[in-house]
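These are my notebook entries on a single model. I record what I looked up, entry by entry.

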Amino acid sequence: MKKSDEKHTVSTPTKISRRALLGGMVAAAILPVNTFAGYVQTSTPALSGPGDDPIKIPGPGPSPVGKRSPFENPVRKPSDISSRTPLQDMYGTITPADLHYERHHAGVPVIDPAKHELLIHGLVERPIKFTMADLKRFPSVTRICFLECAGNFRTGKEELTPQDVLGLTSQSEWTGVMLSTIFRETGISPKAKWFLAEGSDATVMARSIPIAKAWDDAMIVYAQNGEAMRPEQGYPIRLLLPGFEGNMNIKWLRRIELSDEPYMTREETSKYTYPVKDKIRMFSFEMDARSIITYPSYPQKVERGWIEIRGIAWSGRGKIVKVEVSTDVGKSWQFANLQGTILSKAHTYFRHLWNWNGEATEILSRVTDETGYLQPTLKQLIEARGTALGGYHMNPVTAWQIKGNGTVLFKVES
Amino acid sequence: MLTKIIKTKLTAIFSGVILISLLAFKDRALHQSFQIQAGDTTKWPARFGFGYTPTAQEITAWDIDVRPDGKGLPKGQGDVEKGKGLYTLKCASCHGANGVETGAKLPGPALVGDTAAKSKPKTIGNYWPYATTLFDYVRRAMPYNQPGSLTDNEVYSITAYLLNANKIIKAGAVLNAQNLPKIIMPAKKLFIMDDRKGGPEVK
């Protein structure tokens, strides 16, 4: 037994004891967990020799639910009211459901799907209540799109990760029924211009949504990344409004009322509104185009030589058409490669190859969407809206400082 | 011996190559004649007939929203004096004795504007465009730890108290479904609808 009782440190953020790892293997060897169990010698050779070499010992057998490698530990960052996606740990654009960001106003309700119903009423031809089973019988649709909290912007210190700066955005593949399919079923009065969507959490969250969104691409979804949606995302059903600010995508949806006017709920007046010069702007639905470099970013370190700059870009108004990267503090810009297929209102992965000469610099990205909108700098946003800004609907270009020693820090701007 | 092995190998490789090119050819032919077929042509029925018709009572029980024009406001009334008592009992612990920002760390935000406060908190007096929103929100969501526990009369009273504390209505005012929607809030004139439609302009 060479050093099986020592703590074994691996080069990941978490320390994993060698004993914990071996424990798994030994258990696998002793328990009849796989087809070959009967043939496996049940003494404990695992402890006496092969050490870390995976080709010297059979691993654990199949299991009912998979787990992450013990060497990987991506985690959300929770506060009292939200929890952020670890964007710097992601390699693609689908967020694992257990890492999807959370934001709720009175906790996550526990809902029994067998008792959950959705009421559609107001300016309709016939009010209808649907059970979960009813909703799942309708023709279904699957689409990939991002969600982003309207208050997804942080700054103020250099030690911020992408998760800290804008971790309130994630992406899933959603499945459910088109809202238009449901409205076709109830019939809609031509007088209906808005609908109220209401959740069954302890704040009975409610938002007004223009009816055009229902005919366009709104959905009632029950599945996320191929399985039933997570409670934090609205189990058993939520409204999905692709491209619209997160708060409007009402979770734990229980009621929709068709109306000729908006309701002016607290969430669309006191909250989710922001100063623009001497006025307060309300009903900003679409999330403006935005991008961020997720590698390299704080707290990673880089080495001189070839670096693949990586990140995500998205727009609530449709497809993105280009991402540009600057490696010289914004003096010049080069195109990044966009990972296809580029979807509308979806996170798109981008990459740009850079040969770093070891000199201190700043790297930035900026996206353009199909409406011709170019992601602005913070300075441009301040010029357009004034210094008060508030925290909603902020999408400024994000820069990372690369220090001569390879340290990467967030660039605080004002 | 050695040459023989090499020969067999070569033959094997060669026939492999032929096989692959044949397969590739077959593949192309397949692609020409079979394209991805999408589109279920079954016509949707006028209605699927899923779901059921709720009773009027079922609808009323859930239909709690209140609009700026007063639609949805319930019967009943409330006054500032009663509201003050209720506020002290049920709200002050989280929003402060008078709803004013004091600098003390409280679970709930300031509700009453106070020009002396350096932090200039956004409150009902300086930021809320509609008085009906206050009734609606308190009835659906407050007190935070016991949402939905207030009677309609209690909500009218608390609404009256908070509007009076923000210097919007008089101390003697009695609020009901008729006069609440008529109150003009100081911040109403500040609100503008977002009119951006995409495009190059940063606004």
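How many bridges join S22(A) to strand S23 of chain A, and do the two run parallel or antiparallel? I counted four bridges between S22(A) and strand S23 (residues 399-402), and the two strands run antiparallel. I note at the outset that the model is predicted.

**Entry 1: strand S22 and its partners**

I took one residue pair from this pairing: Ile363(A) has Trp400(A) as its bridge partner in S23(A). I then looked up strand S18 of chain A (residues 320-326), which is joined to S22(A) by six bridges, again in antiparallel fashion. Here I noted Arg366(A) in S22(A) as the bridge partner of Glu324(A). I also checked the burial of strand S22 (residues 361-369) of chain A, and found eight of its nine residues buried.

**Entry 2: a small sheet in chain A**

I looked up the sheet with the order S1-S2-S3 in chain A; it is open, has three strands and is paired antiparallel. Its edge strands are S1 (77-78) and S3 (102-103), each of which pairs on one side only. Strand S2 (residues 82-84) of chain A is joined to S3(A) by two bridges. Within this pairing I found Ser83(A) opposite Glu102(A) of S3(A).

**Entry 3: nonpolar cores**

I next asked which residues have the most contacts inside the largest nonpolar core. That core holds 76 residues, and the residues in question are Leu179(A), Phe183(A), Phe195(A), Ile220(A), Leu239(A), Leu258(A) and Leu163(B). Helix H7 of chain B (residues 152-165) contributes the largest share of this core, with seven residues. I recorded a second, separate core of 30 residues, which includes Phe146(A), Val302(A), Ile312(A) and Ile363(A). Ile363(A) is thus the residue that I had already paired with Trp400(A) in Entry 1.

I listed the contacts of Leu239(A), leaving aside neighbours within four places in sequence. Among them are Leu179(A), Phe195(A), Ile220(A), Met248(A), Asn249(A) and Leu253(A).

**Entry 4: Ala223(A)**

Is Ala223(A) buried or exposed? I classed Ala223(A) as buried because its relative accessible area is 11%, and the cut-off for buried is under 20%. The residue lies in strand S10 (residues 219-224) of chain A. Not counting residues up to four places away in sequence, Ala223(A) touches Glu173(A), Trp174(A), Thr175(A), Ala228(A) and Met229(A). I also took the C-alpha separation of Ala223(A) and Gly234(A), which are eleven residues apart along the chain, and obtained 9.9 Å.

**Entry 5: the interface of chains A and B**

I found 57 residues of chain A in contact with 47 residues of chain B. The two chains bury about 4900 Å² between them, of which 57% is on carbon and sulfur atoms. Lys129(A), Arg184(A) and Ile280(A) supply 14% of the area that chain A buries against chain B, more than any other three residues.

I then turned to the polar side of the interface. The count of salt bridges between chain A and chain B is eight. I noted one between the side chains of Arg67(B) and Asp260(A), at 2.7 Å from N to O. Across the interface, 31 residue pairs are in polar contact, with both residues at pLDDT 80 or more. Elements giving two or more residues to the side of chain A that touches chain B include strand S5 (128-131), helix H4 (179-186), strand S15 (279-282) and helix H6 (378-385).

Key:
Residues numbered from 1 in each chain as written. Chains lettered and ligands numbered in written order. Predicted model: local features only at pLDDT ≥ 70, side-chain atom pairs only at ≥ 80, totals over all residues. Heavy atoms only, no water. Buried < 20%, exposed > 50% of the residue type's maximum accessible area, 1.4 Å probe, protein only. Pairing = 2+ DSSP bridges. Core = buried A, V, L, I, M, F, W, Y, C linked by side-chain atoms within 4.5 Å. Contact = heavy atoms within 4.5 Å. Buried area = accessible area lost by both parts, 1.4 Å probe. Salt bridge = Lys/Arg side-chain N within 4 Å of Asp/Glu carboxyl O. Polar contact = N/O pair within 3.5 Å; in protein donor to acceptor, adjacent residues only side chain to side chain.
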